[in-house]
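Opened the notebook to jot down a few look-ups, one residue or strand at a time. Here is what I pulled up.

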Amino acid sequence: MSSEPISLDKALTYFDALWSPRIVTRVNDYDVRIAKVEGEHIWHVHDDTDEFFLVLHGELRISLREPDGERTVLLPQGAVFTVPRGTEHKPHAPSGAAILMFEPTGTPTVGDRHDEIPEHVDSTTGHALNA
């Protein structure tokens, strides 16, 4: 962990992978992660922990499957939202976004239960990429 300030904008320049969070620091037993996102993620659920989102740039939408039905929340730049533990959700960012997440260390990004993870294809080579 760094004892110096961390520029999130600068940290975001160090990687291009989408839906692949990077840990920028830790707070007690929690990871502070940043990610670049675009398009759709997968439906997933974290059985034992809430998931906190802060939109740094762009706009994020999170679809939720709740007891009363399905709904989507819209998070513009600067907005925060917490998905309650046990709630199926699917983040998506049609125009792309940069986000910050706050989760217990070791929390899988696809949750404890999830839809099948699609194979991503490199548009320049046509080869499958690791999801």
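**Entry 1: Asp31**

I started with the contacts of Asp31, leaving out residues up to four places away in sequence. The list I got is Ile23, Thr25, Arg26, Met101, Phe102, Glu103, Pro104, Thr105 and Gly106. Worth keeping in mind: this is a predicted model.

Then I checked where Asp31 sits, and the answer is strand β2, residues 30-40.

Buried or exposed? I had to look that one up for Asp31. Its relative accessibility is 1%, and since buried means under 20%, Asp31 goes down as buried.

Next I wanted to know which side chains make polar contacts with the Asp31 side chain. Arg26 does, at 2.8 Å. Arg33 does too, at 3.2 Å. Arg26 also turned up in the contact list above.

**Entry 2: strand β8**

Met101 was among the contacts of Asp31, so to speak my cue to look at β8, which spans residues 88-104. How many of the residues of β8 are buried? I got 13 of the 17, so the strand is largely enclosed by the rest of the structure.

Then I went through the strands that pair with β8.

- β2 runs antiparallel to β8, and 10 bridges join the two. I picked out Arg33, whose bridge partner in β8 is Met101.
- β4 (residues 51-58) pairs with β8 over six bridges, in the antiparallel sense. Here I noted Gly58, which stands opposite Ala97 in β8.
- β5 (residues 60-66) also pairs with β8 in the antiparallel sense, this time over five bridges. For this pairing I wrote down Arg65, with Glu88 of β8 opposite.

Back to Arg33 for a second: this residue has Met101 as its bridge partner in β8, and its side chain makes the 3.2 Å polar contact with Asp31.

A reminder to myself while looking at strands: in a regular strand the side chains alternate between the two faces of the sheet.

**Entry 3: Leu8**

Last stop was Leu8, which I found in helix α1, residues 8-12. How does Leu8 count on accessibility? At 24% relative accessibility Leu8 is partly exposed, because buried would need a value under 20%.

I also asked what Leu8 touches, again not counting residues up to four places away in sequence: Val24, Ile34, Leu56 and Leu100. For Val24 I pulled the C-alpha separation from Leu8 as well, and got 8.1 Å, with the two residues 16 apart along the chain.

Conventions
Residues numbered from 1 in each chain as written. Predicted model: local features only at pLDDT ≥ 70, side-chain atom pairs only at ≥ 80, totals over all residues. Heavy atoms only, no water. Helix = DSSP H or I, 4+ residues; strand = E, 2+ residues; numbered from the N terminus. Buried < 20%, exposed > 50% of the residue type's maximum accessible area, 1.4 Å probe, protein only. Polar contact = N/O pair within 3.5 Å; in protein donor to acceptor, adjacent residues only side chain to side chain. Contact = heavy atoms within 4.5 Å. Pairing = 2+ DSSP bridges.
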